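Hi everyone, thanks for making time for this. I'd like to walk you through one structure, a piece at a time, so let me put it on the screen.

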Amino acid sequence: MHLVTFERSRARKARKVAGSLSEAVMGFETLEPVRPGSRRLGSVVPTGTYAGWLVDLNRALAVKLAYDDVGAPEVEADSMVPSDMLSLLRLGPAALKAARTAFDFAIATLDCYNAPDFLRTGAVEPADHVKLCAPLSRPGKIIGASHADFAAEASGTRDPAAPRLFLKASSAVIGPEDQIALPRDARRVGFRGGLAAVIGVRTRDVGAAKALDRVAGYCAANDVWSPDLEDESIGRSCDTFAPIGPWLVTTDEISDPADLGIRASVAGEVVQCSRTKDMRFSIAQIIAYASKIMVLEAGDVILIDPPSEVVTPGKPQRWLRDGDLLEIEVESLGRLRNYVTAPKSD
């Protein structure tokens with residue numbers, strides 16, 4: 001599944017299709033109206049008439065339970081598939097299985113004669129009626145793994161046989177189309193396009209052979225940083241310095257995360273092109289190493305920078321400027337777009 005966090009538009013006019021289940025099928029318990037502006041957990045319809053629409057997984061499950069004549073379907077759905085990503089992941093694999101059940105039910109229903117009734121429940125939304133947010137708006141923690149030194153003076157001081165890890169504040173997370181804000185005190189702000197592996201179950205001291213079994217899914221990510229601030233953790237943790245998205249692709253849809261292409265462009269110019277197979281340490285090795293240092297919990301993000309490869313070898317670092325458009329595209333994971341804005345003069 002392509003899992004997303006989205007907000008329904010507050011500006012859209014109330015549509016009759018966003019009503020209650022009792023309006024669709026007589027005799028069923030009324031579901032509460034869907035509130036515009038509420039943040040919800042969904043999945044993207046991949047093909048067919050409704051391709052690109054979003055299934056509200058919690059809502060779809062409530063409808064299914066109502067059809068199955070389960071008492072208090074909304075309460076039951078809340079306990080099985082919460083309406084936010086972090087809560088879903090912390091419930092464990094059973095919640096992901098329930099989300100898949102809700103999604104499959106929605107897809108099957110959209111293909112049936114009673115699709116109009118289903119649409120009235122608000123369980124499916126057109127893409128132009130929602131705003132995509134970061135899949136995880138506030139992860140438990142973000143652990144980064146870099147293949148390049150943050151500062152030149154750091155070279156030669158680390159164990160070359162171990163991945164180089166760093167921490168990034170979870171408050172730095174933003175989603176697709178959100179703006180990256182340049183700090184006033186930083187003349188130089190750079191970025192590294194990469195991918196994020198999102199942990200699905202509590203993990204401690206796992207071996208590399210089993211590390212990928214602990215991952216719930218993957219998404220495109222952008223490690224924005226500045227060498228002008230007081231230390232590395234601060235330089236990587238400014239507000240808006242951790243764009244992720246546009247969705248979380250579950251592991252069943254990624255055949256080989258160890259061989260994914262990553263491409264980054266700024267202002268239309270490709271500045272980075274690499275593959276995950278070229279990384280010195282694999283995703284599994286990075287997760288295994290991190291789990292020996294600290295416990296990894298469901299919803300934690302492992303942000304992995306790619307190797308230092310650019311289209312033109314030896315080309316100087318391109319620092320971000322006001323108005324730049326950053327695009328990070330990861331094979332099978334989609335494209336993450338963010339504009340850059342500079343602070344306004346007083």
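Let's start with strand 12: 8 of its 9 residues are buried, so the rest of the structure largely encloses this strand. Do keep in mind as we go that this is a predicted model.

Which strands pair with strand 12? Strand 11 does so in the antiparallel sense, over 4 bridges. Strand 1, residues 2-8, is also antiparallel to strand 12, with 2 bridges. Strand 8, residues 173-174, pairs with strand 12 too, this time in the parallel sense and over 2 bridges.

We can put some residues on that picture. V249 of strand 12 has H2 standing opposite, and V249 is also the bridge partner of Y218. For the parallel pairing, look at I174, which stands opposite P243 in strand 12.

Now step back along the chain to T240, in the loop that runs between helix 8 (232-236) and strand 12 (242-250). Is T240 buried or exposed? Its relative accessible area is 13%, and the cut-off for buried is under 20%, so T240 counts as buried. And what does T240 touch? Leaving out residues up to four places away in sequence, the contacts are A172, I174, Q179, I180 and A181. You'll recognise I174 there as the residue opposite P243.

While we're in this part of the chain, a word on cysteines. C238 is buried, at 14% relative accessible area, and C133 is buried as well, at 3%. How many disulfides does the structure hold? The count is 0.

Next, please turn to helix 9, residues 283-293. The buried residues here are I283, A284, I286, I287, A288, A290 and S291. What do they pack against? Quite a list: strand 6 (142-146), strand 7 (164-168), strand 10 (190-199), helix 7 (208-211), strand 11 (215-225) and strand 15 (301-304). Strand 11, you'll remember, is one of the partners of strand 12.

My last stop is L61, in helix 2, which spans residues 57-67. L61 has a relative accessibility of 2%, so this leucine counts as buried. Setting aside residues up to four places away in sequence, L61 touches A77, M80, V81 and A102. What separation do we find between the C-alpha atoms of L61 and T101? The two residues are 40 apart along the chain, and their C-alpha atoms are separated by 7.7 Å.

That's my tour. Thanks for listening, and I'm happy to rotate the view for anyone who'd like another look.

Methods. Residues numbered from 1 in each chain as written. Predicted model: local features only at pLDDT ≥ 70, side-chain atom pairs only at ≥ 80, totals over all residues. Heavy atoms only, no water. Buried < 20%, exposed > 50% of the residue type's maximum accessible area, 1.4 Å probe, protein only. Contact = heavy atoms within 4.5 Å. Pairing = 2+ DSSP bridges. Disulfide = S-S within 2.5 Å.
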